[in-house]
Amino acid sequence: MNQSDSERIVGYLEKHKYAMANSVEKADFVIINTCGVRQSAENRAYGLVDRIKKQNPKTKIILTGCLSQRKDVIKKLKDKVDVWLKITELPKLNLKLKNLFAQTKTPVNTEVFIRSYSAWNLAHHPVINNISCIKNLSNKNQNNVEVGGIEPPEPWVISRAPHLVTPTSDSLCHAPENYLNIKPKYQSKFSAFVPIGNGCNNFCSYCVVPYARGREAYRSVKDILKEVEELVKNNYKEIILIAQNVNSYKSRIINGYKIDFADLLKLINNIPGNFWIRFLTSHPKDMSDELIQTIAECEKVCEHIHLPAQSGDNEILKAMNRNYTVEHYKKLINKICKAINSTKTKTPANAEDFVYSNLMRKVDCQPIISNIAYIKKLSSKNQKDVEVGGIEPPEHWLAIQRPHQVTPTSNELYHKNLNTRNLWNLPASITTDVIVGFPGETKKQFNNTVKLFKEVKFDMAYISQYSLRPGAAAEKLKDNVTKQEKKRREQELTKILRKTALENNKKYLGQVVDVLVDDKNKREEWHGKTKTGKQLSIVNDQLSIKNLAGKFVKVKIIDVKDFGLKGKISL
């Protein structure tokens, strides 16, 4: 979510004719997009502010993200930060900048130059020449990125978990200016994050997101489909739907009728084009059977489910306020694996079988024109058109007697192409988040998490040592697990993870899989990922001169490691 918000900040600045600077020394102002999910990320934000001020005391600093509304942070940085920006107030940024520079009588340059930034490294935009420097601070290790002549502090990271500021409980669909509808400056030319909403209602005891971002608020299905369609038209190959809890998605259509997340996946799956659909993050308590079945049946939805467990002990889960049990979590994993692994051939979303689960009535959904779906609710008393995609349905269009006038969609063509390739049926890939050393976690309780890791056999896990967060409910609990013990527990889980990940990856040996190529690695090999989220490097020497970035290729797996695959282009 941090990266997606940074893309929207850059898009907004570009629209208002601001220009990127090549270094902080030349910058009139710097925007720092922060994450406060871990203390280490918070400390890096403090260090970055100090560093910028030392390099250029005249540079103005705008701070946004999780830390921008924390009273203790504001008190600590009050003499160094010039503007505290709620991310939801992004549409007002230009006015804030004008007021800021009017006070200092600094002229604002309108030259447009936006510097691109790397997809999975920090979204850092040195802006200026009167523009902004955008940096995402978080807690997952990634490669260092030099931006504007500044070498980022070790370790440099970006967050999988979305934690940004949206301190409002009002629905985004009804906000006068919804910052999520600002056109972003996408980092990648073929993979895009598409936020479907933000905020959280869950109030996990270790987390500050509901206080920083506010309650859940979701974009309308119309706005989401519009953004996805535009991306697909521009040849994007990977659409990543993001929110704090995608499973809770609801979009009001008319008279209270709603589309849920399973419905949204079906609508996006119906958009013509050869692309993948990913999503994160999901909450186990909201993972419905209908959603699981939708994931298994829609051919564009990736066979990769990120489902945070956080702990393998019921008492700790209760203390975390997670509202599910270990038994429930394991049942979900079994359902997901059974649904995906038993679906030998995914089929394109069938418009005639599209069902509103929350209404328990059949609706007709037909991809027409630019693949916007028209939805008509069926009732014996009243038939009324419902607009979804912003295009008025044809006059006298009747869902019940709809003639099949649409030529085969690219969904069908893509499906047919997959069949002719006779690709291997991908197994479900399950990844998770886990916290070790939560206050009061005993060795016995930790061993239950060890047991969960051994039973589920995760493909990947993001293991975090508990970090006290000001304002979270768990702040009142005694952090009584030592740092050394937290590190030991993290290492023990990592050892199990490496073993199970390797076991899972061995299933890929000799198989041919679709790969979305990203870029070249340090060894000048093309690398990318499978539909199941497995990182993969391509070792064909004869392909070194070809530009494969952003393309789908068939790759035969010839070697596997715990967290990666190797393969050759299958000609």
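# A chat about sheets, helices and rings

Reader: Which strands make up the open sheet of three strands, and in what order?

Author: The open sheet has the strand order E1-E2-E3 with parallel pairing, where strands pair if DSSP finds at least two bridges between them. Its edge strands are E1 (29–34) and E3 (83–85), each of which pairs on one side only. From one strand to the next the twist averages 20 degrees. This is a predicted model, in which local features need pLDDT of at least 70 and side-chain atom pairs count only at pLDDT 80 or more, while totals for chains, interfaces and linings use all residues. Residues are numbered from 1 along each chain as its sequence is written, and side-chain values use heavy atoms, with hydrogens and water left out.

Reader: How many bridges hold E1 and E2 together?

Author: Six bridges pair E1 with strand E2 (residues 60–65) in the parallel sense, and phenylalanine 29 stands opposite lysine 60 in E2. The element names follow DSSP runs numbered from the N terminus, helices being H or I of at least four residues and strands E of at least two.

Reader: Which helices pack on that sheet, and at what angles to E1?

Author: Helix H1 (residues 2–15) packs on the sheet, touching E1 and E2, and its direction makes about 155 degrees with that of E1. Helix H2 (residues 39–55) also packs on the sheet and touches E1 and E2, with its direction at about 175 degrees to that of E1. Contact means heavy atoms within 4.5 Å, and axes are lines fitted to C-alpha atoms, for helices over the stretch in contact, with angles running from 0 to 180 degrees between N-to-C directions.

Reader: What span should H1 have?

Author: At 1.5 Å a residue the 14 residues of H1 should span 20 Å, and its end C-alpha atoms are 20 Å apart, which agrees; the expected span is 1.5 Å times one less than the number of residues.

Reader: Why is H1 called largely enclosed?

Author: Because 12 of its 14 residues are buried, H1 is largely enclosed by the rest of the structure; among the buried residues are Ile9, Val10, Tyr12 and Leu13. Buried means under 20% relative accessible area, exposed over 50% and partly exposed in between, with a 1.4 Å probe and protein chains only.

Reader: What happens just after H1?

Author: Lysine 17, in the loop between H1 and E1, has a positive phi of about 70 degrees although it is not a glycine. Lysine 17 counts as partly exposed, at 47% relative accessibility. Asparagine 235 also has a positive phi, near 70 degrees, and its place is in the loop between helix H6 (221–233) and strand E9 (238–242).

Reader: Switching to rings, how many aromatic pairs are there?

Author: The structure holds 10 aromatic pairs, counted when ring centres of Phe, Tyr and Trp (its six-membered ring) lie within 6.5 Å, with planes under 30 degrees apart taken as stacked, over 60 as edge-to-face and the rest as tilted. One of them joins phenylalanine 203 and tyrosine 211, which are edge-to-face at 5.4 Å centre to centre with 75 degrees between the planes. Phenylalanine 203 is partly exposed at 26% relative accessibility, and tyrosine 211 is partly exposed at 44%.

Reader: And what about phenylalanine 438 and tyrosine 466?

Author: Their ring centres are 5.5 Å apart and their planes at 75 degrees, so this pair is edge-to-face. Phenylalanine 438 lies in the loop between strand E18 (429–436) and helix H12 (443–456) and tyrosine 466 in the loop between strand E19 (460–465) and helix H13 (483–505), so the pair ties together parts that are 28 residues apart in sequence. Both phenylalanine 438 and tyrosine 466 are buried.

Reader: Which residue puts its charged end over the ring of tyrosine 46?

Author: That is lysine 76, whose charged end sits 3.9 Å from the ring centre; the criterion is NZ of Lys or CZ of Arg within 6 Å of the ring centre and within 35 degrees of the ring normal.

Reader: Where is the cis peptide bond?

Author: A cis peptide bond joins leucine 280 and threonine 281, with omega about 5 degrees, and threonine 281 is placed in the loop between strand E12 (276–280) and helix H8 (289–297).

Reader: Last one: which strands form a hairpin with two residues between them?

Author: E23 and E24 form that hairpin, with E23 and strand E24 (residues 564–569) pairing in the antiparallel sense over six bridges.
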